[in-house]
Amino acid sequence: MDTTLDKLAEVLESRKTAGADTSYVAGLYRQGLDAILKKMGEEATETIIAAKSGKREEIIHETADLWFHTLVMLSHLNLKPAEVLAELDRRFGRSGLEEKAARQKQ
């Protein structure tokens with residue numbers, strides 16, 4: 001474990017067995033995927049609003065919230081940040097147009 005994402009993923013895994021009354025994340029896990037996705041949607045909307053405001057601190061804060069809740073969703077679905085990073089790495093150096101065209105062939 002050497003990156004912030006890895007450390008955070010480890011903490012999120014540990015919250016799966018925590019009591020909902022002792023952890024915000026454990027409470028989200030107990031409420032299920034729909035509650036987690038609803039929170040992600042809220043955070044995505046807040047990130048968009050922050051970006052439109054152009055306020056640097058607000059953009060960073062809201063993006064951190066969005067990334068955090070995305071990591072909660074990945075953990076809930078037993079996925080690791082490394083799997084997403086591997087996909088980004090696979091796409092690195094490939095244009096967005098090439099990537100989109102490759103997906104349409106599948």
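Q: Is Glu13 buried or exposed, or what would you call it?
A: In this predicted model, Glu13 counts as partly exposed, because its relative accessible area is 28%, which falls between the 20% limit for buried and the 50% limit for exposed.

Q: And which residue does Glu13 form a salt bridge with?
A: Glu13 forms a salt bridge with Lys16, and the closest N and O atoms of the pair are 3.0 Å apart. Lys16 is partly exposed as well, with a relative accessible area of 24%.

Q: How many salt bridges does the structure hold?
A: The structure holds 5 salt bridges, and among them are two that involve Lys39, one with Glu42 and one with Glu43, so that these residues are linked in a network.

Q: Where do Glu43 and Lys39 lie?
A: Both lie in helix α3, 4 residues apart, which is about one turn of the helix, and their side chains meet at 3.4 Å, N to O.

Q: Is Glu43 buried or exposed?
A: Glu43 is buried, because its relative accessible area is 3%, whereas Lys39 is partly exposed at 21%.

Q: New topic: which residues make up the largest nonpolar core?
A: That core has 10 residues, including Leu12, Val25, Ile36 and Val72. The elements giving two or more residues to this core are α2, α3 and α4, and α4 gives the most, with 4 residues.

Q: What does Val72 touch?
A: Leaving aside residues up to four places away in sequence, Val72 touches Leu12, Val25, Leu28, Tyr29 and Ile36.

Conventions: Residues are numbered from 1 along each chain as its sequence is written. This is a predicted model: local features need pLDDT of at least 70, side-chain atom pairs count only at pLDDT 80 or more; totals for chains, interfaces and linings use all residues. Side-chain values use heavy atoms; hydrogens and water are left out. A nonpolar core is a set of buried Ala, Val, Leu, Ile, Met, Phe, Trp, Tyr and Cys residues joined through side-chain atoms within 4.5 Å. Buried means under 20% relative accessible area, exposed over 50%, partly exposed in between (1.4 Å probe, protein chains only). Contact means heavy atoms within 4.5 Å. A salt bridge is a side-chain nitrogen of Lys or Arg within 4 Å of a carboxyl oxygen of Asp or Glu.
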